There are 2 protein chains.
Amino acid sequence: MAGRTLGQVTEASLTRTEQKERTRRAILDASLALSAESTLAALSLRAVAKEVGVVPTAFYRHFGSVDEVGLALVDESFASLRALLRELRTGAPGYADLIDSSIQVLVEHVTTHRELFRFLVRERVAGPPRVRAAIGHEIALTTRELATDLARLPGTEGFATDDLRLLADLIVSFVGTTAERLVSEPEAAKRIAAGARVQLRMLMVGAVNWRSR
Amino acid sequence: MAGRTLGQVTEASLTRTEQKERTRRAILDASLALSAESTLAALSLRAVAKEVGVVPTAFYRHFGSVDEVGLALVDESFASLRALLRELRTGAPGYADLIDSSIQVLVEHVTTHRELFRFLVRERVAGPPRVRAAIGHEIALTTRELATDLARLPGTEGFATDDLRLLADLIVSFVGTTAERLVSEPEAAKRIAAGARVQLRMLMVGAVNWRSR
DNA sequence: GAGTTGAGTGCACAGACGTTCACTCAACTT
DNA sequence: AAGTTGAGTGAACGTCTGTGCACTCAACTC
C-alpha cells in the first residue's frame, strides 16, 4: 500500500521475491536475445544489463558470470526438450507414421522455441567449456533414453545393445541436424520437414534390415 | 645482400612479397590457434597482432577485419576438404569396403588438420554471418558433388534425383557429425571410427533397400 | 645512385569492458 | 513502530578494445 511510488521501473508494489524473479527472467531473456547476434562468449555483462534496464553491478545479484546464465539457459532448453520426448513417447504408438508424427512434433517445438534451439545448436559447439559440457551431457542422457525406447519397438529384436546405442546415436544426430536447419531457415520449415521425413525413413529402413541381411 | 641487419625479426633478407606472405601466414595461424579458445567473434585483432609479434595496426596491411581472416581460413579448410574427396573418388572403388576406407580417410584428414576442422565445425553455426554463409555454401556444393557421385554407384538405380540429393545430404550431415566428434575427443578416434563404420553401414543398408521395399 | 613504395612502427584517442565499493530505500521481520 | 535485509544504484578503477595518423627505413624500380 505504501507502494505506487514506482521506485522500481517494472510495475508497482511487488513482493521482494517476485521482483527478483522478474529481473532474473529479464536477464535470461536478454541474454538469449543478445547472444543470438553472435555468441555467448562474445556477450558482455554490460550489454545484458543495459538491455534489462539495470545497472551493470545489479547483474551480480542474480548470476556470478555470463557463463552461469548460459548454464541456466541450458537447463531451460532441456526442460523443453524433455517435454518434446514425453509428448512423443505417450503419443499413440501408431505403426509407421511414428516417423511422420515425430518430425511434426520436432518442427512444432523448434518453431515455438526457436531462440532456445538456436542457442543450443550454437553453444553446443561454440560455447564456454562448462556450457558445452552441460549440453553434451544432456544429449548423452537423451541418447541413452532413446536407446531403451527403441528396444521396445518392433523390428529391433535382433539388435545387440551396442548396435542399439549406435542407432539411437544416429537418430539423435539426425534430429540435431534437422533442428539446426529449422533454426537457420525457419521459412523453409515445410521443405525441411518433407526432406527429413524421407531421410528418417531411409534411416529406419536401414535399421530394420540391419541384422537380417 | 645489403640485408642481414635483421631489421625484421623473422630471419634476414627476404624479398618483399616473401616477407609479406610470411606475416600473412602468421596471422592466419595465430587466428586459428587463438580462436580455438572460444570463437572467431570473440577474437580480438590486438590479441592476434600480439601473438604474431607485430603491432596492431600492421594487421590492416593484410586483412580489413577479423572476419576476413575467417573467410580466408574457410577457403583453406575447403581446399583441404576437396583434397579428401578427391582422394576418396580416385581411391579404388572397391565393393563394400568403400565405407571402411571412407571413414579411415576421414579420420586421417581430421587428425592431421584438427585445428581447421575444429574451426569449421564451430564457425559453421557460431561464426559471423559472412563466414557462416561461406561455409554453408561450400557444404551445399559438396553435397551436390556427392549426389552425382552416388548416382554412379551400383544400388542407386531406382533413385529419383530428389531422393539422391536427400541421401547425399544425409551422408554429408553424418560425416559432419563424425568429424565434430573426432575433433572434440581426438583420443577416442578409434572408438568413434568403429561406431561410424557401423552407422554408415546402417545408413547405406537403408539406401539400397529404399526403392525396393 | 637517386627516387618510390609499402610493411611495420609508435603514439594517441575515445569507448567498452569486468569488478570494487559504499550507498539507498522499499520490502520484509520482530 | 523500530530494525534488518538485500536488489538495485552510481562513481571509480585499470585494462582492453578498434582505429586514425604521421613516421621509418629496407626492398624495390628506374
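# Two copies, side by side

Hello everyone, let me start with a pair of helices: in chain A, H7(A) and H8(A) are roughly antiparallel to each other. What we have on screen is a predicted model, so please keep that in mind as we go.

How do we get to that description of the pair? The axes of H7(A) and H8(A) cross at roughly 170° and come within 10 Å. Because angles over 145 degrees count as roughly antiparallel, that label fits here.

Now look at who does the touching. From H7(A), the residues are A:Leu167, A:Leu170, A:Ile171, A:Phe174, A:Thr178, A:Arg181 and A:Leu182. Facing them from H8(A) are A:Ala189, A:Ile192, A:Ala196, A:Gln199, A:Leu200, A:Leu203 and A:Ala207. Sorted by class, this contact holds eleven nonpolar residues, two polar ones and one charged one.

Let's step back to the whole of chain A. It has eight helices and zero strands, so you can picture the order along the sequence as α-α-α-α-α-α-α-α. The C-alpha trace of chain A spans about 75 × 35 × 30 Å along its principal axes.

Chain A is also divided into domains: domain 1 covers 12-64 and domain 2 covers 67-208. How far apart are the centres of domain 1 and domain 2 of chain A? Taken over C-alpha atoms, 29 Å separate them. The two domains do meet, with twelve residues of domain 1 of chain A in contact with 14 residues of domain 2 of chain A. On the domain 1 side of that contact there are eight nonpolar residues, four polar ones and no charged ones.

A word about what the records say. An unreviewed UniProt entry carries the annotation "domain: HTH tetR-type" over residues 21-81 of chain A. In the model, that stretch is 64% helix and 0% strand, with its end C-alpha atoms 23 Å apart. UniProt, again in an unreviewed entry, also places a "DNA-binding region" at residues 44-63 of chain A. Residues 44-63 of chain A are 40% helix and 0% strand, and their end C-alpha atoms lie 13 Å apart.

Next, the partner. How many residues does each chain bring to the contact between chain A and chain B? Chain A gives 26 residues and chain B gives 26 residues. On the chain A side, helix H5 (114-126), helix H7 (161-184) and helix H8 (189-208) each supply at least two residues. The largest share, eight residues, comes from H8(A). By class, the chain A side has 14 nonpolar, eight polar and four charged residues.

So H7(A) and H8(A), the pair we began with, turn up again where the chains meet.

How are the two copies arranged? A turn of 180° and a shift of 0.0 Å along the axis lays chain A on chain B with an RMSD of 0.1 Å. The two copies are thus related as by a two-fold rotation axis. If you want to find that axis in chain A, go to A:Gly206, whose C-alpha is the nearest to the axis at 1.6 Å. Both copies use the same surface, with 100% of the contact residues of chain A recurring in chain B.

Let's finish with the helix pair in chain B. The axes of helix H7 (residues 161-184) and helix H8 (residues 189-208) of chain B come within 10 Å and cross at roughly 170°. H7(B) and H8(B) are therefore roughly antiparallel to each other. Among the H7(B) residues in this contact are B:Phe174 and B:Arg181, and H8(B) brings residues including B:Ile192 and B:Gln199. The class count for the contact of H7(B) with H8(B) is eleven nonpolar, two polar and one charged.

That's my tour, and thanks for listening!

Notes. Residues are numbered from 1 along each chain as its sequence is written. Chains are lettered from A and ligands numbered from 1 in the order in which they are written. This is a predicted model: local features need pLDDT of at least 70, side-chain atom pairs count only at pLDDT 80 or more; totals for chains, interfaces and linings use all residues. Two residues are in contact if their C-beta atoms, placed from the backbone, lie within 7 Å. Helices (H or I, at least four residues) and strands (E, at least two) are DSSP runs, numbered from the N terminus. Ala, Val, Leu, Ile, Met, Phe, Trp, Tyr, Cys and Pro count as nonpolar, Asp, Glu, Lys and Arg as charged, and the others, Gly among them, as polar. Axes are lines fitted to C-alpha atoms, for helices over the stretch in contact, and angles run from 0 to 180 degrees between N-to-C directions. Angles under 35 degrees count as roughly parallel, over 145 as roughly antiparallel, 65 to 115 as roughly perpendicular and the rest as oblique. Copies are superposed by least squares on the C-alpha atoms of residues with pLDDT of at least 70 in both. Domain bounds come from an automatic or database domain assignment. UniProt positions are given in the numbering used here, feature names are shortened, and annotations may be inferred rather than shown by experiment.
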